[in-house]
Amino acid sequence: MVNIIIVLILLLILGYALRGTIKHFKGEGACCGGGSGGGGRKARRKKLSGPVIGRKTVQIEGMHCDSCVQRVTRAINEIEGASAKVSLKKGRAVVSCDREIDDASICAAVERAGFHVVSIEA
């Protein structure tokens with residue numbers, strides 16, 4: 001009888017772990033220490049001070065959830081003259097610029113947030 005109870009408890013724990021893993025890889029779970037919303041701090045849409053003169057598409061590896069998206073958005077939005085719209089499903093950020101922004105600045109911001117830039121296209 002004791003063995004059956006132990007097996008049932010282990011199956012229950014395994015079920016919860018499997019469910020969490022599936023949510024994580026579908027991008028639905030909070031994998032990075034945040035809840036659904038980037039740790040409670042949703043990145044605000046940044047308004048640029050001037051007209052948009054260009055856009056850059058940044059391919060990013062390592063984003064798994066909405067918390068990751070919020071971290072990348074905040075990191076890019078900290079760059080003066082840049083505003084980001086980040087897509088988890090596409091694994092990319094579209095950066096609108098109201099001045100000339102070098103790729104190294106964008107790359108450094110994303111890397112500081114803990115992610116890897118694969119490519120940047122103008």
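Thr 73 lies in helix α2 of this predicted model. Thr 73 is buried, because its relative accessible area of 8% falls under the 20% limit for that class. The C-alpha atoms of Thr 73 and Ala 84 are separated by 5.6 Å, although the two residues stand 11 places apart along the chain. Beyond its neighbours within four places in sequence, Thr 73 is in contact with Ala 43, Ala 84 and Val 86. The points below place this residue in the wider structure.

**Overall layout**

- The protein chain contains 3 helices and 4 strands.
- Read from the N terminus, the order of these elements is α-β-α-β-β-α-β.
- Of the 122 residues in the protein chain, 34% are buried.
- Among contacts in the protein chain with a separation of 6 or more, 72% join residues that are 24 or more positions apart.

**Strand pairing**

- Strand β1, residues 54–61, pairs with strand β3, residues 92–97, in the antiparallel sense, and 6 bridges connect them.
- Two residues illustrate this pairing: Arg 55 has Ser 96 in β3 as its bridge partner, and Lys 56 has Val 95 in β3.
- Strand β1 also pairs with β4 in the antiparallel sense, over 5 bridges.
- Within the pairing of β1 and β4, the bridge partner of Thr 57 is Glu 121 in β4.
- Strand β2, residues 82–87, runs antiparallel to β3 and is joined to it by 6 bridges.
- Lys 85 has Val 94 in β3 as its bridge partner.
- The hairpin of β2 and β3 has 4 residues between the strands, and Gly 91 takes a positive phi near 65° in this hairpin.

**Ser 96 in strand β3**

- Ser 96 is located in strand β3.
- With a relative accessible area of 14%, Ser 96 is buried, since the class takes in values under 20%.
- Ser 96 and Lys 56 are 40 residues apart in sequence, and their C-alpha atoms are 6.7 Å apart in space.
- Apart from neighbours within four places in sequence, Ser 96 is in contact with Leu 48, Val 52, Gly 54, Arg 55, Gly 81, Ala 82 and Ser 83.
- Arg 55 is thus named twice for Ser 96, as a contact and as a bridge partner.

**Helix α3**

- Helix α3 covers residues 103–112, and Ile 106, Ala 109 and Val 110 are buried in it.
- Viewed down the axis of α3, these buried residues fall within an arc of 95°, so they line one face of the helix.
- An α-helix has 3.6 residues a turn, so residues three or four places apart point the same way.
- The buried residues of α3 pack against β1, α2 (66–77), β3 and β4.
- On the face of α3 turned away from its buried side are the exposed residues Ala 104 and Arg 112.
- Gly 114, just after α3, takes a positive phi of about 100°.

**His 116 in strand β4**

- His 116 belongs to strand β4, which spans residues 116–121.
- His 116 counts as partly exposed, because its relative accessibility of 41% lies between the 20% and 50% limits.
- A distance of 5.7 Å, C-alpha to C-alpha, separates His 116 from Ile 60, and the two are 56 residues apart in sequence.
- Not counting residues up to four places away in sequence, His 116 touches Gln 59, Ile 60, Glu 61 and Glu 111.

**The largest pocket**

- The largest pocket holds about 160 Å³ of space.
- Its lining consists of Arg 45, Lys 46, Lys 47, Leu 48, Val 52, Arg 55, Ser 83, Ala 84, Lys 85, Val 94 and Ser 96.
- By type, the lining of the largest pocket divides into 4 nonpolar, 2 polar and 5 charged residues.
- β2 and β3 each supply at least two residues of this lining, and β2 gives the most, with 3 residues.
- Ala 84, one of the lining residues, is also in contact with Thr 73 of the lead sentences.
- Lys 85 and Val 94 both line the largest pocket, and Val 94 is the bridge partner of Lys 85.
- Arg 55 and Ser 96 likewise belong to the lining, and Ser 96 is the bridge partner of Arg 55.

Terms used. Residues numbered from 1 in each chain as written. Predicted model: local features only at pLDDT ≥ 70, side-chain atom pairs only at ≥ 80, totals over all residues. Heavy atoms only, no water. Buried < 20%, exposed > 50% of the residue type's maximum accessible area, 1.4 Å probe, protein only. Contact = heavy atoms within 4.5 Å. Pairing = 2+ DSSP bridges. 1 Å grid on protein atoms, 1.4 Å probe; cavity = no way out; pocket = protein on both sides within 12 Å on 5 of 7 lines; lining within 4 Å. Points joined across faces, edges and corners; volume = space filled by probe spheres on them. Nonpolar A, V, L, I, M, F, W, Y, C, P; charged D, E, K, R; others polar. Arc of directions from axis to C-beta.
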